[in-house]
Amino acid sequence: IAIIGLLATLAVVSFGSARSKARDAKRKADVASIQKALDLYYDANGLYPASGGATSPNGGWTNSNDGSWTALQTALSPYIGKLPVDPTNDPTGWAWSGNYTYAFFSLGYGCSQGWYMLIYKLENASGVVSPGVTACDGTTFNYGGTITVGKRGE
């Protein structure tokens with residue numbers, strides 16, 4: 001009975017690890033899709049969509065767990081069917097505060113909407129290095145414990 005209990009415990013732990021790895025794979029695929037849509041938007045408009053807005057509770061940021069994500073979805077709708085949200089998508093908080101969400105920013109720092117950053121958090125981030133992003137004025141962003149990606153317009 002003890003051996004069966006031990007094997008059952010190992011199976012449950014292993015299954016949980018597989019699920020978190022699957023969520024991380026989805027996060028990476030989601031962010032790649034968002035980046036592609038942002039690039040298509042930039043090619044068509046000469047700038048990236050504005051982040052934040054009236055529905056953003058955290059000035060200037062667009063977050064997948066509040067109404068500002070809908071505004072980004074509307075802007076990107078010609079380029080992506082449905083804007084993905086984090087598989088967990090915590091109802092409050094931000095990726096850099098320990099929550100699982102996607103966050104987008106494209107304002108200020110030398111060229112509003114001429115650059116952007118996307119921030120997301122992985123559950124299994126050991127060995128993953130965040131590339132960070134540099135804004136037009138040279139300010140570099142890389143939020144600890146998260147993956148920060150982005151691009152400046154060409």
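Biologist: How many disulfides does a search of the whole structure find?

Modeller: The search of this predicted model finds one disulfide, and the two residues that it joins are Cys 111 and Cys 136.

Biologist: What makes the pair Cys 111 and Cys 136 a disulfide?

Modeller: A pair of cysteine sulfur atoms counts as a disulfide if they lie within 2.5 Å, and in this pair the S to S distance is 1.6 Å, so the definition is met.

Biologist: Why is this disulfide called right-handed?

Modeller: The torsion about the S-S bond of Cys 111 and Cys 136 is about 50 degrees, and therefore the disulfide is right-handed. Cys 111 belongs to the loop between strand 2 and strand 3, while Cys 136 belongs to the loop between strand 4 (133-134) and strand 5 (140-141), so the pair ties together parts that are 25 residues apart in sequence.

Biologist: Why is Cys 136 called partly exposed?

Modeller: Buried means under 20% relative accessible area and exposed means over 50%, with partly exposed in between; Cys 136 has 31% relative accessibility and therefore counts as partly exposed.

Biologist: How do you know that strand 2 and strand 3 pair?

Modeller: Pairing needs at least two bridges between the strands, and strand 2 (residues 103-105) and strand 3 (residues 115-120) have three bridges in the antiparallel sense, so they pair by that definition. Among the partners, Ala 103 is matched with Ile 119 of strand 3, and Phe 104 with Leu 118 of strand 3. Strand 3 also pairs with strand 6 in the antiparallel sense, over six bridges, and there Tyr 116 stands opposite Lys 151.

Biologist: Which strands stand at the edges of the sheet, and why?

Modeller: The open sheet has four strands in the order 1-2-3-6. Strand 1 (62-63) and strand 6 (147-152) stand at the edges because each has a single partner strand, which leaves one side of each without a neighbour in the sheet.

Biologist: What makes strand 3 largely enclosed by the rest of the structure?

Modeller: Six of the six residues of strand 3 are buried, so the strand is largely enclosed. Trp 115, Met 117 and Ile 119 are buried on one side, and Tyr 116, Leu 118 and Tyr 120 are buried on the other, so that both faces are covered.

Biologist: Which elements give two or more residues to the largest nonpolar core?

Modeller: The largest nonpolar core has 20 residues, and Leu 38 and Leu 118 are among those with the most contacts inside it. Its contributors of two or more residues are helix 1 (2-45), helix 2 (68-76), strand 3 and strand 6, and helix 1 gives the most, with six residues.

Definitions and conventions: Residues are numbered from 1 along each chain as its sequence is written. This is a predicted model: local features need pLDDT of at least 70, side-chain atom pairs count only at pLDDT 80 or more; totals for chains, interfaces and linings use all residues. Side-chain values use heavy atoms; hydrogens and water are left out. Buried means under 20% relative accessible area, exposed over 50%, partly exposed in between (1.4 Å probe, protein chains only). A nonpolar core is a set of buried Ala, Val, Leu, Ile, Met, Phe, Trp, Tyr and Cys residues joined through side-chain atoms within 4.5 Å.
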